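Thanks for coming, everyone. I'd like to walk you through one chain today. Please have a look at the sequence and the structure first.

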Amino acid sequence: MQILYRRSPVKTQYMKKICYLFLLIITCQCAVAQDVFVTMPYVQIGSTPSPENMQLLWHTPDTDATWSVEYKSNSKQEWLKAARITYNTVAVKSIAPHRVYHASLTNLAAGGVFKYKVLKNGKEVFAAEAQ
């Protein structure tokens, strides 16, 4: 016995619209992030490795802005502000001048997952989690 499944034309059209909307949102978010960053934020152990501390780095065009970073180790914890954000300017012949920003994320739970977000001029432009 063979069972045939019928697709509802209404459901199919509805799902197509949802997929297109989802792709549009993702595309817009990527375009915004590409305008803000030369290299998206990434986490490193830093120059003074510690299980409770990580370094967050990101690269931007060489323009002035007010940057801040907030992070937390669990969903019940309040967002903490990174105490100090510094940057170095990279200016070499082969690439456009840009800045490499550094923020220390301290007092993390060793080996635990944490969330972080990067704000430019008070507006969130990137958010992720790491371990």
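Along the sequence, the pattern reads α-β-β-β-β-β-β-β-β. That is one helix and eight strands. Keep in mind that this is a predicted model.

So how far does the confidence go? The chain averages a pLDDT of 83. Of the residues, 74% score at least 70. Confidence is lowest in helix H1, residues 9–36, where the mean is 55. Strand S3 sits at the other end of the scale, with the highest value, 97. Look also at residues 21–31. There pLDDT stays under 50. For that stretch the model has zero contacts beyond four places in sequence. Where pLDDT is low, predicted coordinates should not be read in detail. I'll leave the helix there.

Now the overall picture. The chain has 131 residues, and 25% of them count as buried. Take the contacts with a separation of 6 or more: residues 24 or more positions apart account for 51% of them.

On to the sheets. One is an open sheet of four strands, in the order S1-S2-S6-S5, with antiparallel pairing. Its edge strands are S1, residues 39–44, and S5, residues 85–90. Each of those pairs on one side only. From one strand to the next, the twist averages 20°.

Inside that sheet, look at S2 and S6. Strand S2 covers residues 54–61, and eight bridges join S2 to S6. The two run antiparallel. Which residue of S6 is the bridge partner of methionine 54? It is leucine 105.

Stay in S6 for a moment. Histidine 98 belongs to this strand, which spans residues 98–105. Is histidine 98 buried or exposed? It is buried, because its relative accessibility is 9% and the cut-off for buried is under 20%. Its side chain makes a polar contact with the side chain of histidine 59, at 3.5 Å. Not counting residues up to four places away in sequence, histidine 98 touches eight residues by name: Val38, His59, Thr60, Pro61, Asp62, Asn88, Thr89 and Val90.

Next, another sheet. Four strands form an open sheet in the order S4-S3-S7-S8, and the pairing is antiparallel. Here the edge strands are S4 and S8, residues 123–130, and each pairs on one side only.

S3 runs from residue 67 to 72, and six of its six residues are buried. In a regular strand, side chains alternate between the two faces of the sheet. What about the two faces of S3? Both are covered. Trp67, Val69 and Tyr71 lie on one side, and Ser68, Glu70 and Lys72 on the other.

S3 has partners on either hand. Six bridges join S3 to S7, residues 114–120, and these strands run antiparallel. Within S7, leucine 119 is the bridge partner of serine 68. S3 also pairs with S4, residues 80–81, over two bridges, again in the antiparallel sense. In S4, tyrosine 71 has leucine 80 as its bridge partner.

Beside that leucine, in S4, is lysine 81. Lysine 81 counts as exposed, because its relative accessible area is 57% and the cut-off for exposed is over 50%. Ten residues separate lysine 81 from tyrosine 71 in sequence. In space, the two are 6.6 Å apart, C-alpha to C-alpha. Leaving aside neighbours within four places in sequence, lysine 81 is in contact with Ser68, Val69, Glu70 and Tyr71.

Last topic: the core. Nonpolar side chains in soluble globular proteins tend to be buried together. In this model, the largest nonpolar core holds 19 residues. Which of them touch the most other members? Phe37, Leu56, Trp58, Trp67, Val69 and Val118 do. The elements giving two or more residues to this core are S2, S3, S6, S7 and S8.

Take phenylalanine 37 as an example. Apart from neighbours within four places in sequence, phenylalanine 37 contacts Trp58, His59, Thr60, Trp67, Val118, Val125 and Phe126.

To recap. The chain has one helix and eight strands. Confidence is highest in S3 and lowest in H1. Questions, please.

Terms used. Residues are numbered from 1 along each chain as its sequence is written. This is a predicted model: local features need pLDDT of at least 70, side-chain atom pairs count only at pLDDT 80 or more; totals for chains, interfaces and linings use all residues. Side-chain values use heavy atoms; hydrogens and water are left out. Buried means under 20% relative accessible area, exposed over 50%, partly exposed in between (1.4 Å probe, protein chains only). Two strands pair if DSSP finds at least two bridges between them. Contact means heavy atoms within 4.5 Å. pLDDT is the predictor's confidence in each residue, from 0 to 100. A polar contact is a pair of N or O atoms within 3.5 Å; within protein, one must be able to donate a hydrogen and the other to accept it, and residues adjacent in sequence count only if both atoms are side-chain atoms. Axes are lines fitted to C-alpha atoms, for helices over the stretch in contact, and angles run from 0 to 180 degrees between N-to-C directions. A nonpolar core is a set of buried Ala, Val, Leu, Ile, Met, Phe, Trp, Tyr and Cys residues joined through side-chain atoms within 4.5 Å.
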